[in-house]
Amino acid sequence: MTSKLPELINKPLIIGSKKIENRLILAPMTYLGHVAFRELLDESGSRNLMFSEMCSAGRLPHENRRTSGYFKWRDQETRRLIIQIVGSDPDRMALAAQRIETEGFFGVDINLGCSAKGICRHQQGAALLKSPQIAVEIVRKVRRAVQCPVTVKFRTGWQDDSQFPVSLAVRLQDAGADALTFHPRVAPDRRARHPKWEYIGLVKQAVRIPVFGNGNVFDEHDCLKMMESTDCDGVALGRIAIARPWVFTQWGSDDPSPDDLHRRTAMRLLTLTEKHFDPLKGLRRYKRYASYLAANFAFGNSLFNKIRIAADYEQIEAILTAFFDTNPAVLKRPNMHFMR
Ligand SMILES: Cc1cc2nc3c(=O)[nH]c(=O)nc-3n(C[C@H](O)[C@H](O)[C@H](O)COP(=O)(O)O)c2cc1C
């Protein structure tokens, strides 16, 4: 355990009108940070703040939580969940935010980071970093529409220029954002190059609101290094939280992890995925997760390749059982090949 980490992460933080007890949060991840995965986190004892998968602001006001793939939650998690919305029309974003507030969620997050072609084509997500005045207007309108915390997740921009995110952060704050999650990579670079953590420090220095650093934190040492070198208020954990969901309860604690944690986690998530999703949606999600599970093992590719082509939950269960019965060697740091 990294001795200084507990005192940095186990302390409350005010976000707008609300308070969180711990500085590690679950980053938003489409197809990965879903309701079944979050139930798994709950069962592991985590009470940390979580971001939902990205939800379309246009659909959200009328979305039915029982049939929706993304806007789906358990009542027990409502108060610790921030719903992330993606869109480009400030009025529609404000309407979506009102639904989020009415449902009693912790807050609403605005996506200014997704660089997927299907999103950017509609001038949403990271495309808004090319039109910062619209991004700022969205925050202003959402701020006026709700009382709950309004947060923004954003990237460096489309060019590697440290001044852009710094000045944008100030404008987002002035428009009413209560906290920022900053992933210091340019939009065209999905996750290939190392994020420029020093930009997180520059953003943090420029604003008064909390800043969560994000990007390539894979163990406690990374986490401590990011917090100490940037002075960020907290860290949003993405892929490592999927590969090793116990990070929220283990980092900063002296408790040893039981040997069979990987096996129990993989099996339990399978059950929870089946519980929350129809087979089509559920298998799709579990297969995405399988890549991050496989990243933990020296010979993870054989596991991943089998799960990828499995026809149903029973087959996956049999594949997991056979794999874990071989007592596979666990890697100290996950294999990046599977963490894309
Ligand atoms: C499969 C996947 C889906 C993601 N979906 C979203 C998303 O819906 N919204 C968002 O803001 N970021 C999304 N991200 C980006 C993550 O929140 C995070 O910024 C990125 O993974 C870097 O953090 P990490 O190195 O801790 O994983 C996604 C990342 C991955 C790997």
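Two strands count as paired when DSSP finds at least two bridges between them. Keep that in mind for the strands of this structure, which is a predicted model.

**Strands that run side by side**

Let's start with β8. There, A179 is the bridge partner of T151. That's one spot along a longer match: strand β7 (residues 150-157) and strand β8 (residues 179-186) run parallel, joined by 6 bridges. On β7's other pairing, 5 bridges link it to strand β6 (residues 107-112), again in parallel. If you want a place to look, find N111, whose bridge partner in β7 is K153. How many residues of β7 are buried? The count is 8 of the 8, so the strand is largely enclosed by the rest of the structure.

Now hop over to β4, which covers residues 50-56. This strand is mostly covered too, with 6 of its 7 residues buried. β4 pairs with strand β5 (residues 81-86) in the parallel sense, over 5 bridges. Across that pairing, F51 stands opposite I82 in β5. As a bit of background, side chains in a regular strand alternate between the two faces of the sheet.

**Two domains and what they share**

The domain assignment splits the chain into domain 1 (5-250) and domain 2 (261-338). Taken over C-alpha atoms, their centres are 26 Å apart. Where they meet, domain 1 puts in 17 residues and domain 2 puts in 19. On domain 1's side, the elements giving two or more residues are α2 (35-43) and α9 (239-243). Of these, α2 gives the most, with 5 residues. Sorted by class, that side of domain 1 has 11 nonpolar, 2 polar and 4 charged residues.

There's also a nonpolar core to look at, and the largest one has 111 residues. Which residues have the most contacts inside it? They are I85, V142 and L180. Helix α12 (residues 279-294) supplies the largest share of this core, 7 residues. Domain 1 and domain 2 both give residues to the core, so it lies between them.

V142 is worth a stop of its own. Setting aside neighbours within four places in sequence, V142 is in contact with M93, A94, A97, V108, I110 and V150.

**Around the ligand**

A shell of 21 residues surrounds the ligand, and the closest are A27, P28, M54, G238 and R239. Two elements give two or more residues to this shell: β4 and α9. You've met both already: β4 is the mostly covered strand, and α9 is on the side of domain 1 that touches domain 2. By class, the shell divides into 9 nonpolar, 9 polar and 3 charged residues.

**A few residues to visit**

First up is I316, found in helix α14 (residues 313-325). Is I316 buried or exposed? Anything with 20 or more other C-beta atoms within 10 Å is called buried, and I316 has 22 such neighbours, so it counts as buried. Leaving out residues within four places in sequence, I316 is in contact with L270, Y286, I307 and A310. S167 is another matter: I316 and S167 are 149 residues apart in sequence and 48 Å apart in space, C-alpha to C-alpha.

P132 is found in helix α5 (residues 132-145). Beyond residues up to four places away in sequence, P132 touches L168 and R171. From P132 to G58 you count 74 residues in sequence and 20 Å in space, C-alpha to C-alpha.

Then come two residues with an unusual backbone angle. As a rule, most residues other than glycine have a negative phi. Y31 has a positive phi, near 70°, and lies in the loop between β3 (24-26) and α2. D231 also has a positive phi, near 65°, and lies in the loop between α8 (220-230) and β10 (234-237).

Here are three of the partly exposed residues, with their C-beta neighbour counts:

| Residue | C-beta neighbours within 10 Å | Class |
|---|---|---|
| Y31 | 18 neighbours | partly exposed |
| P132 | 17 neighbours | partly exposed |
| D231 | 13 neighbours | partly exposed |

Conventions:
Residues are numbered from 1 along each chain as its sequence is written. This is a predicted model: local features need pLDDT of at least 70, side-chain atom pairs count only at pLDDT 80 or more; totals for chains, interfaces and linings use all residues. Domain bounds come from an automatic or database domain assignment. Two residues are in contact if their C-beta atoms, placed from the backbone, lie within 7 Å. Helices (H or I, at least four residues) and strands (E, at least two) are DSSP runs, numbered from the N terminus. Ala, Val, Leu, Ile, Met, Phe, Trp, Tyr, Cys and Pro count as nonpolar, Asp, Glu, Lys and Arg as charged, and the others, Gly among them, as polar. A residue is near a molecule or strand if its C-beta atom, placed from the backbone, lies within 6 Å of it. A nonpolar core is a set of buried Ala, Val, Leu, Ile, Met, Phe, Trp, Tyr and Cys residues joined through C-beta atoms within 7 Å. A residue is buried if 20 or more other C-beta atoms lie within 10 Å of its own, exposed if 12 or fewer, and partly exposed in between; C-beta atoms are placed from the backbone.
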